[in-house]
Structures are given as C-alpha cells and as structure tokens.
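Please read the following report alongside the sequence and the coordinates. It deals with a handful of local features, taken one after another.

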Amino acid sequence: MDQRTNNYYRNANGQPAVQEQRPLTASRGEEEIDLMEILSLLVHHVWIFVLAALVGALLVGVGVKLFVPAQYTARSTIYVFSTTGDTSTQTLSTADKMTTDFQIIAKSRPTTELVIQELGWDMTPSQLLKENTISVTSPEDSHMLRISVTNRDPAKAAQVSNALASVMQDQIAEIMKTDRPQFVERAVMGSKSSPYVKRDAVIGGLAFALVAVIVVLVRYFMNDTITTEEDVNRYLGITILSSVPFERNMTKRS
C-alpha cells in the first residue's frame with residue numbers, strides 16, 4: 001500500500017481505522033525549529049550578508065556625502081549671575097529651574113530681532129531660526145548657560161552664538177532682576193557636528209545585512225519544497241530505501 005496515502009490498520013475489534021498522515025504541503029514553520037539547521041543556513045549564506053553590508057555601506061556613505069550638507073556647531077557660555085548682588089541659595093535654585101524658560105526666551109521674536117540687529121544681517125526672525133538650530137542648556141550642578149548654535153557655515157554659527165549670548169545677558173538681567181551675567185567663554189569657529197559619514201555608512205551596512213538575513217529566513221520558512229531524503233522522512237514520515245542518482249548533463253545516446 002502506498003504510504004503517501006492514509007494508512008489503514010485494524011483495531012482490537014477488527015474494524016478498520018484511519019491513521020492520519022501529515023499533509024504533503026506542511027510548511028517548515030509548523031514544525032519544530034531546528035536551530036542548528038538555521039545556523040547552518042546562515043553560515044551557508046554569509047557571503048550574501050557580507051555583500052549586502054558592503055553595498056549598503058557604500059550606498060549610504062556616498063548618499064550622505066553627496067546629498068546631506070555638513071552642519072557646524074559653535075558654543076558660548078555665560079554665568080547666570082554675577083559675583084555681586086543677591087546670590088542666595090534660593091535665587092540660584094530658581095535659576096536652575098529656568099533653563100527651559102531661557103530656551104524659550106532665546107527663540108522668542110524680541111530676542112531674535114535683537115540678535116539680527118546686533119549682527120547687522122538682513123533677515124527676519126523666522127529666517128534666523130530656520131537657518132540656525134539654537135539650543136540653550138545648563139551643565140549639571142552649575143549656574144551657567146551654554147548657548148549652542150548649529151549652522152551650515154561654521155563662522156556664522158559662532159557669530160550667532162556670541163550675539164545671542166550677548167542679547168541673553170541683557171534679557172536675563174532684566175527678567176531675573178539681577179546683575180548682568182558675564183561671559184565665561186565666547187564661541188569660536190564652529191566644529192562639524194553632522195553628518196558622520198563613517199558612522200552612517202556602518203549603520204547603513206548593518207541595516208542592509210539585517211534585511212538580507214530576514215529575506216533568507218523568510219524564504220527558508222516559506223519554502224515547502226521537499227528536496228532531500230531528510231525532508232521526505234520529516235514531512236511525509238516515509239523512510240527512503242534506495243535512490244536513483246540524476247545526471248543533469250546526460251547526453252543522449254546516438
């Protein structure tokens with residue numbers, strides 16, 4: 001009797017019973033996952049992953065180099081309170097909580113207008129904010145403000161940072177009712193802050209390699225084709241007694 005069909009046997013009462021046979025199209029995903037087989041699969045296709053990583057790194061690196069403009073960041077630092085006047089613990093604690101307020105003040109229209117006026121540039125406050133990324137932070141456990149400006153031009157980044165720090169000195173003194181803050185450090189020519197071509201290329205290569213791994217695994221789990229003796233035994237429950245070799249390049253007899 002053909003074992004690819006349902007096998008019949010008789011039970012204790014002599015009645016025929018049906019032994020269920022696994023469908024021929026059972027997918028690998030329905031079987032127990034063989035980790036060693038998957039590891040062997042990945043090792044067998046490692047050249048694909050390496051090639052995908054190289055191609056991804058090359059494409060991302062060239063793309064970032066050609067199409068992503070470089071950005072430069074310059075930083076100036078001011079001390080929130082001068083050495084004279086009220087420097088009580090309560091006042092300094094209040095200053096710590098106002099970093100977010102200073103960030104808002106730095107981007108407000110009155111402040112940006114004063115910055116443009118000090119620089120002598122012909123632009124609107126919205127244009128200034130569009131061309132420059134402004135960040136005001138307070139280093140931990142300090143009473144200083146670090147004013148960072150990012151621009152495509154390293155010289156402009158430094159100019160805007162220093163001008164903004166100068167304007168913020170007057171703004172803070174007026175709002176906080178204290179002495180005018182002092183410069184701790186003036187911004188110099190901005191240093192490159194982005195993009196990092198090598199880092200982005202590595203990330204792109206890893207992403208392409210990961211996609212290649214996912215594609216190989218998906219194709220493996222979706223493949224229902226029976227190709228080896230092990231597949232026949234695993235999915236059909238049939239033991240191979242013998243096999244006939246197949247020669248692809250067999251020549252026809254004349």
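The report below turns to ring contacts, a cis peptide bond and two helix residues.

This is a predicted model, in which local features need pLDDT of at least 70 and side-chain atom pairs count only at pLDDT 80 or more, while totals for chains, interfaces and linings use all residues. Residues are numbered from 1 along each chain as its sequence is written, and side-chain values use heavy atoms, with hydrogens and water left out.

Two charged side chains lie over ring faces (NZ of Lys or CZ of Arg within 6 Å of the ring centre and within 35 degrees of the ring normal).

| Charged residue | Ring | Distance from ring centre |
|---|---|---|
| Lys156 | Trp121 | 5.9 Å |
| Arg186 | Phe183 | 3.9 Å |

Phe183 is also among the residues in contact (heavy atoms within 4.5 Å) with Gln169, as are Ile78, Arg180, Pro181 and Gln182, when neighbours within four places in sequence are left aside. Gln169 is found in helix H7, residues 154-176 (helices are DSSP runs of H or I of at least four residues, strands are runs of E of at least two, both numbered from the N terminus). Gln169 is buried at a relative accessible area of 2%, whereas Arg109, in helix H5, is exposed at 52% (buried means under 20%, exposed over 50%, partly exposed in between, with a 1.4 Å probe and protein chains only).

Ser194 and Pro195 are joined by a cis peptide bond with omega of about -10°, and Pro195 is placed in the loop between strand S7 (191-194) and helix H8 (197-222).
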